[in-house]
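Visitor: I should be grateful for a close look at one part of this structure, the salt bridges, together with the features that surround them. Please explain it in connected form.

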Amino acid sequence: MKFSVIFEAQLADPTVEREHRLIRDCVEQAVFAERMGFDRIWAVEHHSLKWYAHMSAPEVFLTWVAARTNTIRIGHGVVCMPFNFNHPVRVAERAAMLDLLSGGRLDLGAGRGGTEQETSLCGVDKERTAAEVEEALRIIGRAWQEEELEYHGELIDIDPHPILPRPRQTPHPPLFLACSRGETLVRAAELGIGALVMGFAGPGSIAQMRSVYDAAIAGRDGSRFVSTAVNDHFSVLCPTIVLDDGEQARRIGIRGQRFFAQSIGHWYGGAGVPDEAVVAGADEAGEMRRAAEQVVARLHELDIPVRPTSTATFNADHAYGTADDAIAYVERLRDAGADEIMCLVQMGTVEQEACMETLRQWGEKVIPHFRSR
């Protein structure tokens, strides 16, 4: 099993000064993650999502991190693949350059970037995002394996051109897809690419999603593969804060996750501005449950079908506590079918000291427990 750290670059009460410090702090965490034995870092791409994600140029962030590290894999995940965000050929060029300069350490994930805030910024047609993501993956897979790329599809035409440079990895860096629903998992399996799964609903939900992914792998015939290189890796998000004081870790983690849930709800579901002012000593887990109930009520009022994932971000049962608590939770994720644990540490209200201590605890206690097995 692999271990990684994922960066959204979340920021409560954003100012220019805090934003600049946040990005530098994320770099410090990523470099430290290599020292602590993590296998990979991931950096998302989002645009104009104040509070939720200030990571608008992950390819630059990851290049900076790659230059300061030697062994940790560099996960560009996910790239917003609709064409008005990123032309597929430009993705192939930038990713190949990063793979080359990092010595073949790149992994590339694809996503839709489907919020109204993002699509309106870049003029993306929301109705075409899923189709454009799939077509982009086909173009990228082909661009890295042919002397000249020529592509004529339903959405885009590209006359013969060499795509330069070629990546260091042969035939190319592993490909992934962000997956939050069963139909997306089926698509990832049929395309022959790895799954990056949100794990907020807990191990039971992860086991169900893994079974969907495995069933689609077993039933595919290869006709939809986007590349000759097939990747069946199943990565699972794991919110975590680990300290010697388990209760303090749980308070910090739940508060951070509450901010995460509120900020994602603001941009994805039209909820109010995140309330980062959490009263000391409050029952934050109880507040999370009440907030989840409010989300369900709001979705019903708007006549929007309620999926299990709609309120999953308010579930507080994660790897919060001591190292032993984290080990126990990761064992549940492993048994549910996780190939990789993507640690979500940098949530909007979590201070840098707690982030760094969490990475240290994972590196010195949690990861070695599973390596030794």
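**Salt bridges and their surroundings**

Guide: In this predicted model, the side chains of Arg-371 and Asp-39 meet in a salt bridge, with a distance of 2.9 Å from N to O. The two partners belong to distant parts of the chain, 332 residues apart: Arg-371 lies in helix 11 (residues 352-371), and Asp-39 lies in the loop between helix 1 (16-35) and strand 2 (40-43). Arg-371 has a relative accessible area of 41%, so this residue counts as partly exposed. A search of the whole structure finds 22 salt bridges, and two others deserve a description here.

One of them joins Glu-340 to Arg-40, whose closest N and O atoms are 2.5 Å apart. This pair, too, links distant parts of the chain, for Glu-340 is in strand 11 (residues 340-344) and Arg-40 is in strand 2, 300 residues apart. Are these partners buried or exposed? Residues under 20% relative accessible area count as buried. Glu-340, at 0% relative accessibility, is therefore buried, and Arg-40, at 7%, is therefore buried as well.

The other is a salt bridge between Arg-360 and Glu-357, with 2.5 Å between the closest N and O atoms. Arg-360 and Glu-357 are three residues apart in helix 11, so about one helical turn separates them. Arg-360 is partly exposed, with a relative accessible area of 24%. Returning to the buried pair, salt bridges that share partners join Arg-40, Arg-73, Asp-107 and Glu-340 into one network.

Helix 1, which precedes the loop that holds Asp-39, also packs against another helix. The axes of helix 1 and helix 2 (residues 58-67) come within 10 Å and cross at roughly 45 degrees. Because of that angle, helix 1 is oblique to helix 2. Their crossing is right-handed.

On the other side of helix 1 in the sequence is the loop between strand 1 (2-7) and helix 1, where Ala-9 is found. Most residues other than glycine have a negative phi, and most peptide bonds are trans. Ala-9, however, has a positive phi of about 60 degrees although it is not a glycine. With a relative accessible area of 0%, Ala-9 is buried. Asp-13 is found in the loop between strand 1 and helix 1 too, and has a positive phi of about 50 degrees, again without being a glycine. Asp-13 counts as partly exposed, at 39% relative accessibility.

Two cis peptide bonds may be added to this account. The peptide bond from Gly-77 to Val-78 is cis, with omega near 5 degrees, and Val-78 lies in strand 3 (residues 73-80). Another cis peptide bond joins Leu-164 and Pro-165, with omega about -5 degrees; Pro-165 lies in the loop between strand 6 (157-161) and strand 7 (175-179).

A nonpolar feature completes the description. Met-97, Leu-100 and Leu-101 form a nonpolar patch on the surface, and together they have about 280 Å² of accessible area. Leu-100 lies in helix 3 (residues 88-101) and is partly exposed, with a relative accessible area of 37%. Helix 3 packs with helix 5 (residues 129-143) at an angle of about 45 degrees, their axes being 9 Å apart. Helix 3 is therefore oblique to helix 5, and passes helix 5 in a right-handed crossing.

Notes: Residues numbered from 1 in each chain as written. Predicted model: local features only at pLDDT ≥ 70, side-chain atom pairs only at ≥ 80, totals over all residues. Heavy atoms only, no water. Patch = residues over 30% accessible without salt bridge, like charges linked within 9 Å, V, L, I, M, F, W, Y side chains within 5 Å. Areas by Shrake-Rupley, 256 points an atom, 1.4 Å probe, with all protein chains shown as cover. Salt bridge = Lys/Arg side-chain N within 4 Å of Asp/Glu carboxyl O. Helix = DSSP H or I, 4+ residues; strand = E, 2+ residues; numbered from the N terminus. Buried < 20%, exposed > 50% of the residue type's maximum accessible area, 1.4 Å probe, protein only. Axes fitted to C-alpha atoms, helices over the stretch in contact; angles between N-to-C directions. Parallel < 35°, antiparallel > 145°, perpendicular 65-115°, else oblique. Left-handed = near helix turned anticlockwise from the far one by under 90°.
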